Amino acid sequence: MEGYDERTYGRIWADVYDEIFPGVDDAVIDLLARHAGEPPRALELAIGTGRVAVPLRERGVAVSGIDISEEMVARMRAKPGGEAIPVVIGNFRDVPVEGAFPLVYLAFNTLFGLLTQEEQVECFANVARHLEPGGRFIIDCFVPDLRRFNTDNTRMEVSSLKSAGEHSFEMSVYEPQTQRISSHLVRRSADGSSLVLPVEIRFAWPSEIDLMARLAGLDLEDRFGWYDLRPFNGGSPAHMSIYRKPA
């Protein structure tokens, strides 16, 4: 997508991110807290507005974060407790922090925000270097479903029709050769104004992600359909995977 780089998403989405994605499932916080070690510590990659980090900190976990977007982090800083979370501004692929953690996590499909396989592989390798022996890297990602695209590798879907003048829809283009999807979420308000929210991702299959972990020296410990430990099967739209660094 022309004009899209690693800072575009945060710059454009920051003002509306928490409105579109309010709150977080309690099961997410419960599982992460259980794997945060003793004393509980965790590093969140792409911490964003603190949607996960702030409630996890409220559970007694000392959370640190990385994010490329100062706009997103500013939103977190405005939340109670968000100002106390240390954040490094940088690309989470590089994991530009000191020390090691019992838990590193990357939520909400954000691995796919790295737009090449090489960057995703580098992320796993860098995470492994910042995990304590026996530490865990927890991610969640959607399972790709190419049936969502037509024969021209495009997709258009109405997200909502709120009133006679309000609606939102998504337009996406899929590139099979790169596994990249470029999307616009378009929101039209009742006053006639429109907001275009771009996002570009490079998806990966669960087996491909497992290979990235293996190359980094991490073992797949568990995989579930979500943080509530529902089984992962052929009909699961997403997976939550736990990778462990050997002790």
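Thr151 is exposed, with a relative accessible area of 78%, where exposed stands for over 50%, buried for under 20% and partly exposed for the range in between (1.4 Å probe, protein chains only). Thr151 belongs to the loop between β5 and β6, and its C-alpha lies 39 Å from that of Ala128, although the two are 23 residues apart in sequence. The model is predicted, so local features need pLDDT of at least 70 and side-chain atom pairs count only at pLDDT 80 or more, while totals for chains, interfaces and linings use all residues. Residues are numbered from 1 along each chain as its sequence is written, and side-chain values use heavy atoms, with hydrogens and water left out. The element names follow DSSP runs numbered from the N terminus, with helices being H or I of at least four residues and strands being E of at least two.

On one side of the loop that holds Thr151, in sequence, comes β6, which belongs to an open sheet of four strands in the order β6-β7-β8-β9, with antiparallel pairing; two strands pair if DSSP finds at least two bridges between them. Its edge strands are β6 (154-161) and β9 (194-202), each pairing on one side only, and the twist averages 15° from one strand to the next. Between β6 and β7 (residues 167-175), which run antiparallel, there are seven bridges, and Arg155 has Ser172 as its bridge partner in β7.

The other strand flanking that loop, β5, is part of an open sheet of seven strands with mixed pairing, in the order β3-β2-β1-β4-β5-β11-β10. Here the edge strands are β3 (87-89) and β10 (219-224), each of which pairs on one side only, and the twist from one strand to the next averages 20°.

A row of bridge partners can be followed across this sheet. Strands β1 and β4 are parallel and share two bridges, with Leu43 standing opposite Val104 in β4. Strand β4 (residues 101-106) is in turn joined to β5 (residues 131-142) by five bridges, again in the parallel sense; Phe101 stands opposite Leu131 in β5, and Val104 stands opposite Phe137 in β5. From β5 the row passes to β11 through an antiparallel pairing of seven bridges, in which Phe137 faces Tyr243 in β11. Strands β10 and β11 are also antiparallel, over five bridges, and Leu220 stands opposite Tyr243 in β11.

Two strands of this row are well covered. All six of the six residues of β4 are buried, and six of the seven residues of β11 are buried, so β11 is largely enclosed by the rest of the structure.

Helices lie across the strands as well. Helix α6 (residues 117-129) lies across β1, β4, β5 and β11 (238-244) and runs at about 145° to β5, whereas helix α7 (residues 206-215) lies across β5, β10 and β11 and runs at about 15° to β11. These angles run from 0 to 180 degrees between N-to-C directions, with axes being lines fitted to C-alpha atoms, for helices over the stretch in contact; contact means heavy atoms within 4.5 Å. In helix α3 (residues 26-34) the buried residues are Ala27, Val28, Ile29, Leu31 and Leu32, and the buried residues of α3 pack against α4, β4, β5 and β11. At the start of α3, a side-chain oxygen of Asp25 comes to within 2.9 Å of the backbone nitrogen of Ala27.

A last site is Arg51, in the loop between β1 (41-45) and α4 (53-58). Arg51 is buried yet has no salt bridge, and the nearest side chain of opposite charge, Asp18, is 5.6 Å away. A salt bridge is taken as a side-chain nitrogen of Lys or Arg within 4 Å of a carboxyl oxygen of Asp or Glu, and in assigning charge Lys and Arg count as positive and Asp and Glu as negative, while His and the chain ends are not counted. A polar atom of the Arg51 side chain does lie 2.8 Å from the backbone oxygen of Gly23. Leaving aside its neighbours within four places in sequence, Arg51 is in contact with Tyr17, Phe21, Gly23, Val24, Lys79 and Phe108.

Key:
Polar contact = N/O pair within 3.5 Å; in protein donor to acceptor, adjacent residues only side chain to side chain.
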